[in-house]
Structures are given as C-alpha cells and as structure tokens.
Amino acid sequence: MGGGDGKLFTLAEVSQHTSNKDCWIVIDGKVYDVTKFLDDHPGGDEVILTSTGKDATDDFEDVGHSSTAKAMLDEYYVGDIDSATVPTKTKFVPPTPNQTQSNQSSDFFIKVLQFLVPLLILGLALGIRSYTKTPSSS
C-alpha cells in the first residue's frame with residue numbers, strides 16, 4: 001500500500017481533484033491520487049482526467065487493464081470512497097417484488113382502460129345507432 005491510511009473521502013472531496021496538477025480517481029471503492037502517474041499513463045493523461053469526479057471502475061475495467069496495472073494502483077492509494085456519496089449506477093437493478101407487482105398491475109390496468117374505454121364508447125354508440133335504426137326500417 002502507498003501513503004493511504006484508510007481515510008474515508010466523499011465523492012465531493014474527490015471531485016475537487018480533477019486537474020493534471022492534482023488528479024484523484026475512484027476505482028472499486030478506493031481513492032487513488034494518480035497525479036504523478038498522468039505523464040506515464042500509456043493511454044495519455046486525458047483518458048484519466050475524463051474519469052475524475054465519478055466512480056471510474058467501469059472505465060477502468062472496460063479498457064481491460066492488466067494485473068500489473070491493477071497492482072500499480074496500490075502505489076497511488078490514498079483512502080476509500082464513502083459509498084453513500086456515490087450516485088447509484090444507472091445499470092438495471094430489479095426492484096423489490098412487492099413494488100414490481102403493484103407497479104405492473106396498476107400500469108397494466110391503466111393500459112387496459114386506455115384501450116377498453118374507447119372501445120366501450122364506440123360499441124355503445126354503434127349499439128344505440130343500430131338499435132334506433134332497426135325499428136324505423138321495419
């Protein structure tokens with residue numbers, strides 16, 4: 001481990017370190033001060049700078065960094081991120097079953113009503129029309 005003493009940082013604190021003179025990133029819940037590494041990063045410093053101020057785990061994993069790169073991170077470790085300050089990912093998280101049930105059934109009910117009400121009105125109108133027509137034609 002580097003200079004990290006297990007300090008807990010908020011995302012707001014980490015977000016203050018987003019320049020090439022002072023650059024922190026968050027990967028897997030850990031905070032890294034990668035300022036010294038920017039010049040050495042094979043992908044260039046711009047790639048790292050675009051991953052600041054947010055959880056960069058996906059960015060880091062998507063590139064497919066080697067185990068050597070992952071081991072190098074330890075050198076830049078400064079602390080952990082307070083996960084409560086990181087917005088939840090936009091990936092799909094299934095809601096609790098109760099919530100799903102009530103939402104789906106009310107959505108379904110509304111859709112059925114939107115479909116049935118015009119049909120009922122149309123049917124009623126046609127029914128009245130044919131009913132009033134029949135006696136007059138005989």
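## Strand 3 and its surroundings in a predicted model

Strand 3 and strand 4 form a hairpin with two residues between them, and in the turn Asp28 has a positive phi of about 50°. The coordinates described here are those of a predicted model.

The two strands of this hairpin run antiparallel, with four bridges joining strand 3 to strand 4 (residues 30-33), and within this pairing the bridge partner of Val26 in strand 4 is Val31. On its other side in sequence, strand 3 is joined by a hairpin through two residues to strand 2. Strand 2 (residues 18-19) also pairs with strand 3 in the antiparallel sense, here over two bridges, and Thr18 has Cys23 of strand 3 as its bridge partner. Strand 3 is mostly covered, since five of its six residues are buried.

The turn residue Asp28 also meets a residue of helix 3. Thr57, which is placed in helix 3 (residues 57-63), has a polar side-chain atom that lies 2.8 Å from the backbone nitrogen of Asp28. Leaving aside neighbours within four places in sequence, Thr57 is in contact with Val26, Ile27 and Asp28. Is Thr57 buried or exposed? Thr57 counts as buried because its relative accessibility is 9%, which is under the 20% limit.

Ile27 takes part in this contact as well: not counting residues up to four places away in sequence, Ile27 touches Tyr32, Ala56, Thr57, Phe60 and Leu73. A second, separate core of nine residues includes Leu11, Val26, Val31 and Ile81, so that the bridge partners Val26 and Val31 are both named among its members.

Which residues touch the most other members of the largest nonpolar core? In this core of 14 residues, they are Cys23, Ile25, Ile27, Tyr32, Val34 and Ile48. The elements that give two or more residues to this core are strand 3 (22-27) and helix 2 (45-49), and strand 3 gives the most, with three residues. In soluble globular proteins, nonpolar side chains tend to be buried together.

A polar residue also lies against the beginning of strand 3. His17 is found in the loop between helix 1 (11-14) and strand 2, and its side chain is joined to that of Asp22 by a polar contact of 2.6 Å. Leaving aside neighbours within four places in sequence, the contacts of His17 are Asp22, Cys23, Trp24 and Thr52. His17 counts as buried because its relative accessibility is 15%. The C-alpha atoms of His17 and Val34, which are 17 residues apart along the chain, are separated by 10.0 Å.

Turning to charged side chains, the structure holds two salt bridges, which are set out below with the separation of the closest N and O atoms.

| Acidic residue | Basic residue | Closest N and O atoms |
|---|---|---|
| Asp59 | Lys54 | 2.5 Å |
| Glu61 | Lys70 | 3.8 Å |

In the bridge between Asp59 and Lys54, Asp59 counts as partly exposed at 28% relative accessibility, and Lys54 is likewise partly exposed, with a relative accessible area of 32%. In the bridge between Glu61 and Lys70, Glu61 counts as partly exposed at 37% relative accessibility, and Lys70 counts as partly exposed at 36%.

Key
Residues numbered from 1 in each chain as written. Predicted model: local features only at pLDDT ≥ 70, side-chain atom pairs only at ≥ 80, totals over all residues. Heavy atoms only, no water. Salt bridge = Lys/Arg side-chain N within 4 Å of Asp/Glu carboxyl O. Buried < 20%, exposed > 50% of the residue type's maximum accessible area, 1.4 Å probe, protein only. Polar contact = N/O pair within 3.5 Å; in protein donor to acceptor, adjacent residues only side chain to side chain. Contact = heavy atoms within 4.5 Å. Core = buried A, V, L, I, M, F, W, Y, C linked by side-chain atoms within 4.5 Å. Pairing = 2+ DSSP bridges.
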